[in-house]
Amino acid sequence: MYKQNILWLALVFFLAQCASQQPITGGAKDETPPKLLSATPKDQSLNFLGTTILLEFNEYIEVQNLKKELLIAPITEVNYSYKIKKGNFLEIRFDSALEANTTYTLNFREGIKDITEKNPAENLKLAFSTGNYIDSLQIEGDITNLFSNNPSKKTSVLLFAANDSLTLEGGKPIYVTNTDENGHFLFENLKPDEY
């Protein structure tokens, strides 16, 4: 019996020495951004009269700097609040109704990310109308830095009404967007007008 115990003890000691101790890695790195599964209202919806927007994603999300990242066009004076529900739903609640017969575009830029690796949702936009049609005009272009001739990245581009008699410092833009990494900008779902 004594020899058996020593043999077992030697075997356990031998196996313990053979095992390499390494931290648990948890699998491959998550490089997939969150994807939108559903939206209320749906993209391109008409006659939206509500004050709440609900977005469902395929994974848990977090919101970072949404008041800075979310571009609502045309610019509205209506305030909003937001909260995450059940980990993968984002609810945006406006304080009052939006302007009638207007097409709104919400561009979330990098405001919504997954909670594991902070991958931002890609090209997340939602367009809907409070009237019976979606405005479809577009203006796009490229901006380069005058001094370096390089693309002007993440630069704000403002669109004013042509009849706005105020100066750029005191005027109020109707639409705002930002350039991408290549200096390209795109205004979508514009109301027919002169800008």
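A residue counts as buried when its relative accessible area is under 20%, as exposed when that area is over 50%, and as partly exposed in between. With those labels in hand, here is what turns up in this model, which is a predicted one.

Let's start with a small sheet. Three strands make up an open sheet in the order β4-β7-β9, and their pairing is antiparallel. On the edges sit β4 (71-73) and β9 (125-129), each of which pairs on one side only. Going from one strand to the next, the twist averages 15°. Strand β7 covers residues 103-107 and runs antiparallel to β9, with five bridges joining the two. Within this pairing, Asn107 of β7 stands opposite Lys125 in β9.

Lys125 is worth following a little further. Its side chain meets that of Glu188 in a salt bridge, at 3.0 Å from N to O. Lys125 belongs to strand β9 and Glu188 to strand β13 (residues 184-190), so this contact ties together parts of the chain that lie 63 residues apart in sequence. How much of each partner is open to the outside? Lys125 has a relative accessible area of 33%, so it is partly exposed. Glu188 comes in at 26%, and because that value falls between the 20% and 50% limits, Glu188 is partly exposed too.

That pair is part of a wider set, as the structure holds seven salt bridges. One of them joins the side chains of Glu69 and Arg109, with 3.7 Å from N to O. Here again distant parts of the chain are linked: Glu69 is in helix α2 (residues 66-69), while Arg109 is in the loop between β7 and β8 (112-114), 40 residues apart. Is Glu69 buried or exposed? Its relative accessibility is 15%, which is under 20%, so Glu69 counts as buried.

Another salt bridge brings Glu181 together with Lys154, and the closest N and O atoms are 4.0 Å apart. Both residues sit in loops: Glu181 in the one between β12 (175-178) and β13, and Lys154 in the one between β10 (137-142) and β11 (156-159), with 27 residues from one to the other. The two partners get separate labels. Glu181, at 44% relative accessibility, counts as partly exposed, whereas Lys154, at 54%, counts as exposed because its value is over 50%.

Finally, salt bridges can also join up into a group: Lys85, Glu91 and Arg93 are linked in a network of them.

Notes
Residues are numbered from 1 along each chain as its sequence is written. This is a predicted model: local features need pLDDT of at least 70, side-chain atom pairs count only at pLDDT 80 or more; totals for chains, interfaces and linings use all residues. Side-chain values use heavy atoms; hydrogens and water are left out. Two strands pair if DSSP finds at least two bridges between them. Helices (H or I, at least four residues) and strands (E, at least two) are DSSP runs, numbered from the N terminus. Axes are lines fitted to C-alpha atoms, for helices over the stretch in contact, and angles run from 0 to 180 degrees between N-to-C directions. Buried means under 20% relative accessible area, exposed over 50%, partly exposed in between (1.4 Å probe, protein chains only).
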